[in-house]
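Dear colleague,

I am passing on the structure we spoke of, and I would be grateful if you could look it over with the notes below at hand.

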Amino acid sequence: MDGNLYLIQDYLIFIGVFAVFLFLSLCIYFFSQNQRLKKRNIQLVETAKLIENKLNEVQLEQIGTKLNPHLFKNILNSVQSHAYQTYMSLDKLANVLDYILYESNRRFVTTKEELSFAMSLIEINRIKINPLFDFRIKSKVDEADPIFQEQVFAPLISVDLIENAFKHTDFLAQESFISIHIEFQNGVFKMKTSNKASQKNALTKQNNGFGSQSLEQRLKMIYSNHFNLERSLKNGIFTAELTLNLKDFYDKVRYSR
């Protein structure tokens, strides 16, 4: 009787040890499978990011190839229609063309470089308006700001606001004007343009929308939530305002490297 009892106890101990061993084996197996799946998931996420970055680069290249000829056409039209100011026009045009040919292919330029380009572009467009026309430009730039010399500015971002201000202004209307305000303080860039909107060359025309669309696409792809772009048409006055928080964007890029 005692012998049978011992046999039963041994059998139960064996069953218990086997169950524990089986449980541990299953735990190790499922843990290894879980780790393998996690590793695979990380690889898939990294691959998806690489594909997304490549797609963004391709889209930006496509936008750039469309934007540059469009910009050339408007600039050359301005220069050709005012031959009496050819020398000054060509001097400014040379600066603009150098920037487009040699700097626009870079992913980022400095704020200083983009502002120099913007001022040259403004002067070229300014040639085609009457000297008595109400044209206002105001600039407040802190060149001592450390971000001013950092390569955080996507080239040609300022083109759309400047060109639309000149292209869609009613120069013959009473009290017509163009106002451009540029500011760079504490790592934040702001450009605000206002103008008397032309009814003959409406901003809502389908053929005039590429520049605005491409600008918004670029801003979203490059700056994500570090920008704000607002446009409004009120009482015949069109206003566009762009804000870029370049300091926060620089910190994000720097710490993500």
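What follows describes one sheet, the helix that lies across it and the cavity found there.

This is a predicted model, in which local features need pLDDT of at least 70 and side-chain atom pairs count only at pLDDT 80 or more, whereas totals for chains, interfaces and linings use all residues. Residues are numbered from 1 along each chain as its sequence is written, and side-chain values use heavy atoms, with hydrogens and water left out.

Helices (H or I, at least four residues) and strands (E, at least two) are DSSP runs, numbered from the N terminus, and two strands count as paired if DSSP finds at least two bridges between them. On these terms, five strands form an open sheet of mixed pairing in the order 2-4-5-7-6. Its edges are strand 2 (134–141) and strand 6 (227–234), each of which pairs on one side only. Strand 2 runs parallel to strand 4 (residues 177–185), with eight bridges between the two, and S139 stands opposite I182 in strand 4.

On the other side of the order, strand 5 and strand 7 are antiparallel and joined by nine bridges, with T193 opposite A240 in strand 7. Strand 6 and strand 7 are also paired in the antiparallel sense, over eight bridges, and A240 in strand 7 is the bridge partner of R231. The hairpin of strand 6 and strand 7 has two residues between the strands, and N235 takes a positive phi near 55 degrees there.

Helix 4 lies across strand 2, strand 4, strand 5 (188–196), strand 6 and strand 7 (contact means heavy atoms within 4.5 Å). The helix runs at about 15 degrees to strand 5, where axes are lines fitted to C-alpha atoms, for helices over the stretch in contact, and angles run from 0 to 180 degrees between N-to-C directions.

There is one cavity of 30 Å³ or more, a cavity being a set of points on a 1 Å grid over the protein atoms alone where a 1.4 Å probe fits but cannot get out. Its volume, the space filled by probe spheres set on points joined across faces, edges and corners, is about 30 Å³. The lining (residues with an atom within 4 Å of a point) consists of D160, L161, N164, A165, T193, R231, F238 and A240. Helix 4 (159–167) and strand 7 (237–245) are the elements that give two or more residues to this lining, and helix 4 provides the largest share, four residues.

Best regards

Note on methods:
1 Å grid on protein atoms, 1.4 Å probe; cavity = no way out; pocket = protein on both sides within 12 Å on 5 of 7 lines; lining within 4 Å.
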